[in-house]
Amino acid sequence: MFVKVFSDSGGESEGILVGNLAHALMTETDEQDIYGFAAIERQKIIGCMFFSRLFFESDVCAFILSPVAVHTDRHGKGIGRKLIQYGIQILKSKRVELIMTYGDINFYSKVGFKPVSEDVVKAPFQLSRPEGWLGQSLISDPIPPLTGRPFCVKALNNPRYW
Ligand SMILES: CC(C)(COP(=O)(O)OP(=O)(O)OC[C@H]1O[C@@H](n2cnc3c(N)ncnc32)[C@H](O)[C@@H]1OP(=O)(O)O)[C@@H](O)C(=O)NCCC(=O)NCCS
């Protein structure tokens, strides 16, 4: 699904890149470091996303949302918004304190994300689009500054994604 949706939106090479990321997240990540959610209609997955752990020096419980996809022919029907809102509720119930993502503020602002300066929360790698570094605290607003550069899970540990 990720290969198809991201090929449709960004071309075949992007589809393969994000498809490989989704596969690596599913196969190489320790169970306690990942949450996956799917929107299912008539026994078919029409939307899917992953949150994987970000490891900070402090013991803050943080996850990053990436990637997210909704079937191309189902865009614009509120599925992405509902899927992300549902995932956030589950993460809150699991006492996750902070969620980050890296993408388009025009979409992610609809589900509570705001731009985050790297003076507040550093990214695991140097960002090619710092304006796409977004976050939301699930326990307080604004996000309290965190020291140090976090580590991400192995699947995301590749500068090509950043
Ligand atoms: C981005 C994506 C997940 C959104 O899912 P969706 O189901 O189409 O989105 P929704 O219908 O829930 O839209 C929710 C809101 O976001 C807006 N929105 C949706 N996609 C947007 C985009 N690409 N840019 C800006 N705004 C967007 C909608 O207009 C809507 O706003 P409104 O309620 O004020 O009208 C989906 O379009 C997708 O899979 N795109 C290709 C892959 C991708 O870019 N993934 C995200 C980066 S990892």
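## Cysteines without partners

Cys48 is buried in this predicted model, with a relative accessible area of 11%. Its closest cysteine sulfur belongs to Cys152, and the two sulfur atoms are 19 Å apart, too far for a bond. A disulfide would need the sulfur atoms to lie within 2.5 Å.

Now turn to Cys152. This residue also counts as buried, at 9% relative accessibility. The closest cysteine sulfur to that of Cys152 is in Cys61, 16 Å away, which is again too far for a bond. How many disulfides does the structure hold? The count is zero.

## Helices, strands and overall form

Let's step back to the whole chain. Its secondary structure is made up of four helices and seven strands. Walking along the sequence, you meet them in the pattern α-α-β-β-β-α-β-α-β-β-β. The radius of gyration is 15 Å, close to the 15 Å that the globule rule gives for 162 residues, so the chain is as compact as a globular protein of that length.

If you drew a box along the principal axes, the C-alpha atoms would fill roughly 45 × 30 × 30 Å. Among contacts with a separation of 6 or more, 64% join residues 24 or more positions apart.

## Inside and outside

How much of the chain is buried? Of its 162 residues, 46% count as buried. The accessible surface comes to about 9100 Å², and carbon and sulfur atoms account for 51% of that area.

Charges complete the picture. The chain has 18 positive and 17 negative charges, and the mean positions of these two groups are 8 Å apart.

Note on methods. Residues are numbered from 1 along each chain as its sequence is written. This is a predicted model: local features need pLDDT of at least 70, side-chain atom pairs count only at pLDDT 80 or more; totals for chains, interfaces and linings use all residues. Side-chain values use heavy atoms; hydrogens and water are left out. Helices (H or I, at least four residues) and strands (E, at least two) are DSSP runs, numbered from the N terminus. The radius of gyration is taken over C-alpha atoms; the globule rule is 2.2 Å times the number of residues to the power 0.38. Buried means under 20% relative accessible area, exposed over 50%, partly exposed in between (1.4 Å probe, protein chains only). Contact means heavy atoms within 4.5 Å. Accessible areas come from the Shrake-Rupley method with a 1.4 Å probe; for residues, only the protein chains shown count as cover. Lys and Arg count as positive and Asp and Glu as negative; His and the chain ends are not counted. The place of a charge is taken as NZ of Lys, CZ of Arg, CG of Asp or CD of Glu.
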